[in-house]
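Please open the model in your viewer and keep the selection panel at hand. The stops below go from the whole chain to a single sheet and then to one pair of residues.

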Amino acid sequence: GGGTDAGGGGGTDAGGGGGTITPANCTPIDNTGCTGSDQCTIATLTQVGNNLNVQLGCGAVGTGAQGATCSSSLECGAKEACLALGGPGKCVGFCAGASNTPCTGTAAAPTSCSLITASADWGVCLPVTPCDIFAQSGCKTGEACYPASGGFGCAQTNNVADGAACQFLNDCVGGDICANINGAGKCVKICKVGGTPACTTGTCTDTGKGFGICK
């Protein structure tokens with residue numbers, strides 16, 4: 001079903017720092033393409049128009065935890081990269097839906113997996129604004145509240161209608177979520193078991209993630 005939030009990627013590798021990241025055709029999630037103790041990380045990430053150009057490479061694993069300030073991916077820990085997201089560089093974790101590599105977050109500071117490129121089966125864990133998924137409040141115009149790691153967070157909505165086919169969590173109009181229904185992604189209503197909002201059709205089924213879906 002809809003697994004990876006398309007989110008709002010962007011930003012650039014902070015660059016700098018000591019050591020070397022050797023360009024390589026590698027995979028950040030499992031370090032395929034790197035040797036020894038080196039990890040696959042982002043060497044450079046530049047934005048050209050609406051497109052992101054990613055250069056991956058192999059380099060030593062640093063010690064920085066997710067959220068730590070950095071100037072190079074070499075300073076960040078395992079399965080992390082250094083990105084400057086409109087400010088100082090910070091270590092962010094890699095994530096992937098198909099590989100079941102989740103982001104970590106809390107209710108007060110949720111994160112979401114943002115795809116770097118449409119063709120890549122991996123992304124980076126970026127902070128998102130906490131919101132109320134039942135009231136659909138706390139988000140800016142053009143955004144809606146969706147499940148995120150640690151809680152719920154705002155993401156740009158693609159406004160796919162209720163009942164229509166979908167792929168990503170934020171494909172669906174606010175108040176809906178992309179769920180696996182009979183083996184295919186479908187936008188279904190979000191509900192609160194025993195509370196509001198309730199289902200107008202179907203039964204509110206608990207997802208075990210703090211909300212229910214009408215099915």
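Begin with the whole protein chain coloured by secondary structure, where the elements run β-β-β-β-β-β-β-β-β-β-β-β-β-β from the N terminus on; there are 0 helices and 14 strands, helices (H or I, at least four residues) and strands (E, at least two) being DSSP runs numbered from the N terminus. This is a predicted model, in which local features need pLDDT of at least 70 and side-chain atom pairs count only at pLDDT 80 or more, while totals for chains, interfaces and linings use all residues. Residues are numbered from 1 along each chain as its sequence is written, and side-chain values use heavy atoms, with hydrogens and water left out.

Next, switch on the surface: the protein chain exposes about 10300 Å², of which carbon and sulfur atoms supply 50% (Shrake-Rupley method, 1.4 Å probe). Of the 215 residues, 43% are buried, meaning under 20% relative accessible area with a 1.4 Å probe, protein chains only.

Now select strands S11, S12, S14 and S13, which in that order form an open sheet of 4 strands with antiparallel pairing; two strands pair if DSSP finds at least two bridges between them. Strand S11 (176–181) and strand S13 (204–206) each have a single partner strand, so these two stand at the edges with one side left without a neighbour in the sheet. From one strand to the next, the twist averages 50 degrees, with axes fitted to C-alpha atoms and angles running from 0 to 180 degrees between N-to-C directions.

Finally, zoom in on strand S12 (residues 184–191) and strand S14 (residues 212–214), which pair in the antiparallel sense over 2 bridges. Which residue stands opposite Cys 191? Select Gly 212 in S14 to see that partner.

Conventions: Buried means under 20% relative accessible area, exposed over 50%, partly exposed in between (1.4 Å probe, protein chains only).
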